[in-house]
Amino acid sequence: MRALSATLRVSLPALEHTCANLDRHYTAYAIPKADGSQRSIVIPSLHLKTIQKRINREIFSHVTYPEYLYGGVPGKDYVRNAKRHELAHVVIALDVKNFYPSISKLRVSNIYQHLFKFGADVSDFLAALTTYENKVPQGACTSSHLANLVLHDVESSVVKYCNDSGLVYTRLLDDITISSTRRLPEKKVEKIVGMVATMLKGKGLKLKHNKTRVSTKANPEELMEVTGLWLNRGAPRVHSVSRRLVRVEVYKCKEAAKVERVSESYHKAFARASGRVAMLCYLGHAESGRLRKSLSEMLPLYDVREVTKTKKIVKMLGRTSEKDRSKYSYNVSYFKTMQRINIVSRTDPLLARTLRHQLLMCKPKNKSDAALYDEPI
């Protein structure tokens, strides 16, 4: 345990106190899903988030993940996942039911013990730090790694079968996709789905059968969809319905901007529209440039109250002690304030220049990574 404490640069009493008081370190939120239902997530406190990020760097960053995993792996994402299937004639799309909540604390402990070869006590301790209410929490930065590794000892056999059969297998967290460049007999599809279901069952997981989809290029009426992108024309694309929704979001921002651009609701709407336009840019959609230009003409602004608040924050940061400027929390506040000054510059560039100069006089003493990883807790 002392070796774990030294590796994470967290005192053993602090680790033990954190494990004993996890309820104080998580805040529950509900976010809307595409189907209108709510997804429950829990966000860790800055203290626990710091510990979990150190676990990521000291443990999970040393894992060489297999090429078929795309979730939470550097250099991989949902677009690259879809591109692996761009030559597909048949796509089998499978979804794991209640994936994160179904990964128990015991299975997490087994990952640390049997994959990483930690002792039982250290494995149980790490499991406590990376689970909540005996399951993997959605919202913790360690969860995607645990989701990738929960099938580490059983998934390779299914992948080998797919490879030997000329199929492509990928998994992006709870989304499993298997594709073929040629037609597949119905019995073959049933066998593949059955193999995946059996693999999951051995880990206490289940397929969400109402989300199992088998689509083929031979039926142009049915979209071949992989993690939200469709492949009927080869390269991954956003469906026309989704593109229309992006245009609607930009249009709503444009109409709202005619009235005011300072309210919190406008800032949120703009951020949402900007994120979706960024997705189109990433996919190289022809319309993305025009939409990005439209957004640049209606950037959110601050009213007098928010400008005054920004000046007060800059003044407060200027009074921060040298010691506190070395902390990660100060880095977060500093760069958030710099973003606020950027918004101020849209209406008062002279004031923004003054505030930016004042802020630069009280820069953080450490880079964000150093403040997060190297500061003892």
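## Surface patch, hairpin and local geometry in a predicted model

Tyr29, Ile31 and Ile43 make up a nonpolar surface patch whose accessible area is together about 250 Å². Patches consist of residues with over 30% relative accessible area and no salt bridge, with like charges joined within 9 Å and nonpolar side chains (Val, Leu, Ile, Met, Phe, Trp, Tyr) within 5 Å. Areas follow the Shrake-Rupley method with a 1.4 Å probe, and for residues only the protein chains shown count as cover. Of the patch members, Ile31 belongs to strand 1 (residues 26-32). Ile31 counts as partly exposed because its relative accessible area is 34%; the classes are buried under 20%, exposed over 50% and partly exposed in between (1.4 Å probe, protein chains only).

This is a predicted model, in which local features need pLDDT of at least 70 and side-chain atom pairs pLDDT 80 or more, while totals for chains, interfaces and linings use all residues. Numbering starts from 1 along each chain as its sequence is written, and side-chain values use heavy atoms, without hydrogens and water.

**Overall figures.** The protein has 17 helices and nine strands, taken as DSSP runs numbered from the N terminus (helices: H or I, at least four residues; strands: E, at least two). Its C-alpha atoms fill a box of roughly 70 × 55 × 30 Å along the principal axes. Of the 377 residues, 44% are buried. The exposed area is about 20000 Å², and 54% of it comes from carbon and sulfur atoms. Among contacts (heavy atoms within 4.5 Å) with a separation of 6 or more, 69% involve residues 24 or more positions apart.

**Strands 4 and 5.** Strand 4 (residues 167-172) has six of its six residues buried. Leu167, Tyr169 and Arg171 point one way from strand 4, and Val168, Thr170 and Leu172 point the other way. Strand 4 runs antiparallel to strand 5, and six bridges join them; pairing requires at least two DSSP bridges between two strands. Val168 is opposite Ser179 of strand 5. The two strands form a hairpin with two residues between them, and Leu173 in the turn has a positive phi of about 60°. Ser180 is in strand 5 (residues 175-180) and is classed as buried because its relative accessibility is 1%. Beyond neighbours within four places in sequence, Ser180 contacts Ala88, His89, Val90 and Leu167.

**A buried acid.** Asp95 sits in strand 3 (residues 90-97). Asp95 is buried and has no salt bridge, the nearest side chain of opposite charge being Lys208 at 4.0 Å. A salt bridge places a side-chain nitrogen of Lys or Arg within 4 Å of a carboxyl oxygen of Asp or Glu. Lys and Arg count as positive, Asp and Glu as negative, and His and the chain ends are not counted. Outside four places in sequence, Asp95 touches Asp174, Asp175, Lys206, Leu207, Lys208 and Lys211.

**Positive phi in loops.** Most residues other than glycine have a negative phi. The table gives two residues with positive values.

| Residue | Phi | Loop | Relative accessible area |
|---|---|---|---|
| Arg9 | about 55° | between helix 1 (2-8) and helix 2 (12-20) | 23%, partly exposed |
| Asn98 | near 45° | between strand 3 and helix 5 (99-102) | 48%, partly exposed |

**A distant pair.** Glu264 is in helix 12 (residues 264-282) and is exposed, with a relative accessible area of 57%. The C-alpha atoms of Glu264 and Gly194 are 49 Å apart, with the two residues 70 residues apart along the chain.
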